[in-house]
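Subject: Structure for your files, with notes

Hello,

Here is the structure I said I would pass on. My notes follow below it.

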Amino acid sequence: MRFALIFLSLLFAQTASAQSLLEKAFEKQQQENAAGSLAILGLAGIPDDSASTISLRSNTDNRDYDFKSAQLGGGFRLAEGVPIYLEGYIGYARYDPVLTFSGTGETTRIPLKWTSLALTGGVGYQFDIGEYWKLTPMAHISVGRTQSDASVGAQAIANRLGLDRDFLESGGIWAGGAGGSMTASYEQPMSNDRDFEASLRYTHIEYWPIGDSKDLLVESTAANAVLWSRYRFPTGKRMFGRPVRWVGDLSLSYLIGDQSLVLGTDWLARVGGGIEVDLSDTWVPWVSTTRFMVRYYGSDTVNGFSAGIGISF
């Protein structure tokens, strides 16, 4: 991360001038740090059709971090004869990079923590194309906050350079976002309680500081293209008088925006499986099916797992 370059360049400064060097460096890099925090906010704010809890960890020697996120939400068409499509998500992201310093006879590992929370909504129009295809353009707005907690890192740096710890404490940024998405989806019911569906979605949302943070002249792009597929087939078991089905899904995400700078990769592959229970004949209102899924994520630099519950109305 860009933050590491700032710290590494300061480790060899004279103690007497360390305070002024840090002040100048942090002032110079303020906008870059703000842009990095907005990139983390984009990870929480960009909609994910398979909203779930994700845990990723870097698997390279030169990048050490943990990333966790959770998202709750979904989308629906108002009615069969009303093609207005609505979507809403609330997302959380926690990014914990670890910076390693050496050069004075000892090595210090300093964890930094960034937390983001975002709320994203969308409205669009769903076009029916033939019997199985749908095309859905949407407009999105988003609002969120990203907060850095550098208290642990601040204490370690203060101890090393003899600085005032309070100077290194970081705050947060309020941000707003706007953008859009386009989804082409395919769904085909098959015989014997089997069905197949797939989609290709591109989402693009621009984030910028708002409120008390609006003087920071930075922005960040959250954008991805996702190819996704799901296949359902019967388990042979029944629950609530309805068949229980196995579910398998596979997806490939291309991270076009600034998320790739945070994760250190521009693509993620995902494979998952689980079960789906039909609740259409139960007392649960509005819910037709519920899925319990676990998934594995991987790329050239990260890997991890996710778990989630999907609900269809």
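Which backbone nitrogen does the side chain of T235 reach? The nitrogen is that of K237, at 3.1 Å. Please keep in mind that this is a predicted model, and that the distances in this email are computed from it.

T235 sits in strand β10, which covers residues 220–239. A second polar link involves V244: its backbone oxygen lies 2.7 Å from a polar atom of the T235 side chain. If neighbours within four places in sequence are set aside, the residues in contact with T235 are V244, R245 and W246. For W246, the separation from T235 is 11 residues in sequence, while the C-alpha atoms are 5.9 Å apart in space. T235 has a relative accessible area of 22%, so it is classed as partly exposed; the class of buried residues ends at 20%.

The other item is on the surface. A nonpolar patch there is formed by L72, I90, Y92, L117, L119, V143 and W174, and together these residues have about 680 Å² of accessible area. Two strands, β3 (82–101) and β5 (113–125), each supply at least two residues of the patch.

One of the patch residues is I90, which is found in strand β3. Is I90 buried or partly exposed? Its relative accessibility is 40%, and therefore I90 counts as partly exposed.

Regards

Conventions
Residues numbered from 1 in each chain as written. Predicted model: local features only at pLDDT ≥ 70, side-chain atom pairs only at ≥ 80, totals over all residues. Heavy atoms only, no water. Helix = DSSP H or I, 4+ residues; strand = E, 2+ residues; numbered from the N terminus. Buried < 20%, exposed > 50% of the residue type's maximum accessible area, 1.4 Å probe, protein only. Contact = heavy atoms within 4.5 Å. Polar contact = N/O pair within 3.5 Å; in protein donor to acceptor, adjacent residues only side chain to side chain. Patch = residues over 30% accessible without salt bridge, like charges linked within 9 Å, V, L, I, M, F, W, Y side chains within 5 Å. Areas by Shrake-Rupley, 256 points an atom, 1.4 Å probe, with all protein chains shown as cover. Salt bridge = Lys/Arg side-chain N within 4 Å of Asp/Glu carboxyl O.
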